[in-house]
Amino acid sequence: MSAEIPDADLVVLARDGDPAAFRLLVERHQPMVRARARSLCGNPSDVDDVMQESFLQAFIALDRLRDPERFAGWLAAIVLNVCRAQYRRAQPALLPDWPESLHPASADGPPSAEDLDRSDALRAAIAGLPDGQRRTVALHYYAGLPAGQIAGQPGAARVSLHKARGRLRAYITEHRPDLIPVARRTHMTTVRVTRLESRIPAGPVPDASPTHVIVLADAAGHRELPVWLLGGDSHRFAGLFDPPDPVTGHAVTARPGTRQPGTANELTARLLSAAGARVASVDIDELGPEVTGARIELASREGTRHVLARLPEGIAVAITAGVPIRVADVLMDRLAAPAPGDTEPGPMPERTTRDLGPGPRPRYEPRNMTFADGLDRWVLGGTFSQHASQAHWADYACAAEDGAAVLSAAVPEPAGFAFLGQEIYADDYLGRTVVFRGRVRAHDTRSAGLFVRVREPLDVRSPVTPSAALADPSNHVGIVPAGSAWSEHEITVGIPANASTIVLGIFLAGPGRVELKDPRFLDAA
């Protein structure tokens, strides 16, 4: 329909305030403007900004077009002038304000020293924007022009404003973090990777079992934060550390900037380089209540982007790229432990080595359900064991007594929680309902009972607190009240079609003792 209306008629309608008329002009001449900008711009990334600027100038100057029939030639001349101005345009005079609130300006009277300081910081940030983005910020935030009137297509202006805000936010965050409102600022601690430790005895280790721990330490060396690696994750770090000590098994030096050929880390580095991006930093923070992840900051000509990743992936990227790792203070306060000083952590206690020893790979049916072979096929685990030091590795213990499995606290106030269970493949139960039941007895417990956890492929979540474990939808629990008598309990669980394995057993969070007899795992059908 737009081709049937001459340019001259559309110009007259647009001058009279018809927004649809100018939109038709933009749609008709956009290919020409883009092609001309592409041929004239020295930098291909400026094409979109030149096109936006050209239509903006045409819209503003429409009343000065003497011959509406020559709109196309007039617009082409505007494109040429805009491209030329890319190289000589002076910095626009911008009002001392900020598009997103930093600190409130003075309500009345002359500006305060804080206002002037903020203004100078903002001017420096805006001066670093590309010309088109800087112009869009000035027209939208300071001249009050709606996004729909800044360019021929409102979407183009919104994209430019979005990019500009990202660049401004990144500049202020890097150069003047003191101007960011406290309510929006996350206090971080810079850490370094101090060592990689093998903390589980050698043997057949399932991929879902923790085998190594990476220890992060603050700059002062007073606190250490452990990040446990599952069997599958630990392989990614093999080439990122110096060879382990043959006696202790500790790889004590991380090699920043390591890009061993043929590894996932090296491939990631090459992909980023090909895309014109680089890793700027890696932050470890809570993504939600008790859900921890790594936020990788990528920098490119288009601005900064953030990618969320699991902790091991984020740390591997940081080591590969040789960039800083920062941890939110709230996490350090809650999860870090005092550094042991100059002494290396000692070996795992003999009893704990035996109790936490990895079991064989999962089978398709539970085994040793009468405990006739002790705790064979059963594995002790939990957050109490996921600590860089050995301070809490003896907080829980397990045993087989009189045909029952016993899980107990070895100290008055044990850390975290523990479970005693076994893992089976879910293949035979996909899309079906299962029942796990048994006789249970709990003594002096606050939270104990039966549990069934349904794992999906690549499920590596590890809740750090008992409350997080109970709230995890993959965990199905049956709380058993403390008492001296045996009682029958059961859990009914639907197994989704994408399940990988099923873990079943008993758990204990806090002091006390829980026992299990005659466990049965049945197909509800």
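Me: Two strands count as a pair if DSSP finds at least two bridges between them. With that rule in hand, which strands make up the open sheet, and in what order?

Reply: In this predicted model, five strands line up as S10-S11-S18-S13-S16, and the pairing is antiparallel.

Me: What makes S10 and S16 the edges?

Reply: Count partners: strand S10 (396-401) and strand S16 (487-494) each have a single partner strand, so one side of each has no neighbour in the sheet. As for the twist, going from one strand to the next it averages 30 degrees.

Me: How do you know that S13 and S16 really pair?

Reply: Set the count against the cut-off: a pair needs at least two bridges, and S13 (residues 433-443) shares eight with S16, in the antiparallel sense. For examples to look up, Arg439 is opposite Glu488 in S16, and Val435 is opposite Thr492 in S16.

Me: And what makes S13 and S18 a pair?

Reply: That's the bridge count again: nine bridges link S13 to S18 (residues 513-523), also in the antiparallel sense, where the rule asks for at least two. Phe436 faces Phe521 in S18 across this pairing.

Me: Over to the helix. Why is H10 called largely enclosed by the rest of the structure?

Reply: Buried means under 20% relative accessible area. Nine of the eleven residues of H10 (residues 311-321) are buried, so the label follows.

Me: Which residues of H10 are buried?

Reply: Leu311, Pro312, Gly314, Ile315, Ala316, Val317, Ala318, Ile319 and Thr320. Just past the helix, Gly322 has a positive phi of about 70 degrees.

Me: Why does Asp428 count as partly exposed?

Reply: Buried stops under 20% and exposed starts over 50%, with partly exposed in between. Asp428 has 42% relative accessibility, so it lands in that middle class.

Me: Where is Asp428, and what does it touch?

Reply: Asp428 is in the loop between strand S12 (418-425) and S13. Leaving aside residues up to four places away in sequence, Asp428 touches Tyr364 and Glu365; a contact here means heavy atoms within 4.5 Å.

Me: How many residues separate Asp428 and Ile495 in sequence, and how far apart are they in space?

Reply: They are 67 residues apart in sequence, with 10.0 Å from C-alpha to C-alpha. Set that against the contact rule with care: contact is judged on heavy atoms within 4.5 Å, whereas the 10.0 Å runs between C-alpha atoms.

Methods: Residues are numbered from 1 along each chain as its sequence is written. This is a predicted model: local features need pLDDT of at least 70, side-chain atom pairs count only at pLDDT 80 or more; totals for chains, interfaces and linings use all residues. Side-chain values use heavy atoms; hydrogens and water are left out. Helices (H or I, at least four residues) and strands (E, at least two) are DSSP runs, numbered from the N terminus. Axes are lines fitted to C-alpha atoms, for helices over the stretch in contact, and angles run from 0 to 180 degrees between N-to-C directions. Buried means under 20% relative accessible area, exposed over 50%, partly exposed in between (1.4 Å probe, protein chains only).
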